[in-house]
Amino acid sequence: MWKSEGKQLFFTSLTMMRIILLSCLCGLLSLSFAQQSDTEDGGTEDEVVELFTTPRTKLSAATSDFGYNLFRALAARDPKSSVLLSPMSISAVFTQLSMGASERTMKHLHRVLRYHTLNDPQLHDTLRDLLAYLRAPAKGFSSVERLLIGKRLRPNLEYLSTVEKQYGERPQTLMGGARELKPVNDWFRQHTGGKVDRVLGTALPRNPAVVPVGAAAFKGKWITRFSQTGKKEEFQLDGEAPTTTAMMKQDHYPVKMGIDSDLGCTIAQVPMEDGVSMYYFLPDDVTKNLTLIEEALSAEFVQDLANTLHSVQVQLTLPVLKLGYSTDLLGPLSDMGLSDWLSSPELDKITSQPVKLTTVRHKVVMETAPEGSQYPGTPSANNGPSLVLSYNVNRPFIFLIRDEPSGALLFIGKVLNPRDLASV
């Protein structure tokens, strides 16, 4: 009898200790965000720390903010749908387009691209070098952009040569029609290492105007591998029966984590090779409404996360993703303040003829696999009870893939149902 009571008392004490430890940990994980808020509310001008100090990191922040704005515009068009975006290729192709624009149009484009804050006289050199750096094979990221220009516009040869000299690829001039569909798609497939196929799903009309096209692919490698993978588990859906998707799991997985009570989500930063990280924003509840998280995203906010999330070991469960997405970005770009410009873009240095943009093509694919370069460690031995933290991405979430040294946003997505973004 006494032994039974003693055993029950032990387990009660153990449970209470776990609750206390969990409460303390939640407080610790939330602390960084509270401190950040206090600094913003009560900090003085002397306390402001500039997060982006080099031309590369400043440009990365600008292209990232353009990407977050474009992601919001794309998501707002259909809030109940999953979306996927790689903003670097779109930013780069519109930068090339700005080289052929009038002074007034160039300034307008640069404002939307967030370049107006840079004051970088070597903008094109900085962008070219940043793209080359991000496309290093070890990062697992490939992106390519190209302007397709109708031959009937008689494009200025000097402009075509200037773009080729600066960025290494000449805009393609074409007549349009079904005959040119395959060569265009073959070019994009070749320049993404065979990863992105059929960038153009249908043939361009005869005598097309100017068509910006951007494509990207990502297959990075975790630093720490997952030992359990492939098992189908439930993925919760908002207002629908759960679906199933393949998951990968690992105990004692090293991540950086934080709880943001204002956004109602837990954030995990999972490290990948060559300075790349994947951030997961997991809402507290099963919901399609991720607007609060979407609205909070900015280059500065994510840089603050990188600086303040806490290193922990967790039982990590992630969906095995193999995603693809193809869309026309003309509408979202119009919503960002480009509607008048798109109908009359003033591309004086490209052609003397009136021109109008009727489509902006974007196709992306990405994949996450369980492979990693290291095996997970084991928890440090101690005399007290161990607390197992769990982070299970089994409901709608937002993710982003970021290059940490530069701060560049490589991919961003909203996954309401993994089946929505089955590779295309």
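## A walk from the sheet to the core

Start by selecting isoleucine 149 in strand 2 and valine 210 in strand 4: these two are bridge partners. Before moving on, keep in mind that you are looking at a predicted model.

Now widen the selection to both strands. Strand 2 covers residues 141-150, strand 4 covers residues 210-218, and the two run antiparallel, joined by 9 bridges. In general, the strands of a sheet pair through backbone hydrogen bonds, either parallel or antiparallel.

Next, bring up the rest of the sheet. It is an open one with 5 strands in the order 3-2-4-12-11, and its pairing is mixed. At the edges you'll find strand 3 (172-174) and strand 11 (322-328), each pairing on one side only. On average, neighbouring strands here are turned by 15° against each other, if you ignore direction.

Add helix 3 (residues 87-98) to the view. This helix packs on the sheet and touches strand 2, strand 4 and strand 12, and its direction makes about 35° with that of strand 2.

**Strand 12 and its partners**

Select strand 12 (361-367). Is it enclosed or open? With 6 of its 7 residues buried, strand 12 is largely enclosed by the rest of the structure. Strand 4 pairs with strand 12 in the parallel sense, over 6 bridges, while strand 11 pairs with strand 12 in the antiparallel sense, over 7 bridges.

Click on valine 364 to see both pairings meet. Its bridge partner in strand 4 is alanine 216, and tyrosine 325 also stands opposite valine 364.

**A threonine in a loop**

Step back along the chain to threonine 359, in the loop between helix 10 (330-343) and strand 12. Is this threonine buried or exposed? Threonine 359 counts as buried, because its relative accessibility is 12% and the cut-off for buried is under 20%. Show its side chain together with that of aspartate 328, and you'll find a polar contact of 3.1 Å between them. Beyond its close neighbours in sequence (those within four places), threonine 359 is in contact with Val210, Val211, Pro212, Asp328 and Leu330. Val210 is the bridge partner you clicked on at the start.

**Around helix 4**

Jump to helix 4 (residues 103-112) and colour Thr105, Leu109, His110 and Val112, which are buried. They cover an arc of only 155° around the axis, so they sit on the same side of helix 4. For the face turned away from that buried side, select the exposed residues Arg104 and Lys107. What covers the buried residues? Show helix 2 (55-77), helix 3, helix 5 (123-134) and helix 10, which are among the elements doing so. Just past the end of helix 4, have a look at arginine 114, which takes a positive phi of about 70°.

**Into the cores**

In soluble globular proteins, nonpolar side chains tend to be buried together. Here, the largest nonpolar core has 108 residues, and Phe94, Phe281, Phe399 and Phe411 have the most contacts inside it. Helix 2 supplies the largest share of this core, 9 residues.

Pick phenylalanine 94 and show what surrounds it. Leaving out residues up to four places away in sequence, it touches Leu109, Leu113, Pro212, Leu333, Trp341, Leu357 and Val360. You have already coloured Leu109 as one of the buried residues of helix 4.

For the last stop, find the second, separate core of 15 residues, with Val184, Val211, Val213 and Val365 among them. Val211 should look familiar: it is one of the contacts of threonine 359.

Definitions and conventions:
Residues are numbered from 1 along each chain as its sequence is written. This is a predicted model: local features need pLDDT of at least 70, side-chain atom pairs count only at pLDDT 80 or more; totals for chains, interfaces and linings use all residues. Side-chain values use heavy atoms; hydrogens and water are left out. Helices (H or I, at least four residues) and strands (E, at least two) are DSSP runs, numbered from the N terminus. Buried means under 20% relative accessible area, exposed over 50%, partly exposed in between (1.4 Å probe, protein chains only). A polar contact is a pair of N or O atoms within 3.5 Å; within protein, one must be able to donate a hydrogen and the other to accept it, and residues adjacent in sequence count only if both atoms are side-chain atoms. Contact means heavy atoms within 4.5 Å. Two strands pair if DSSP finds at least two bridges between them. Axes are lines fitted to C-alpha atoms, for helices over the stretch in contact, and angles run from 0 to 180 degrees between N-to-C directions. The arc is that of the directions from the helix axis to the C-beta atoms. A nonpolar core is a set of buried Ala, Val, Leu, Ile, Met, Phe, Trp, Tyr and Cys residues joined through side-chain atoms within 4.5 Å.
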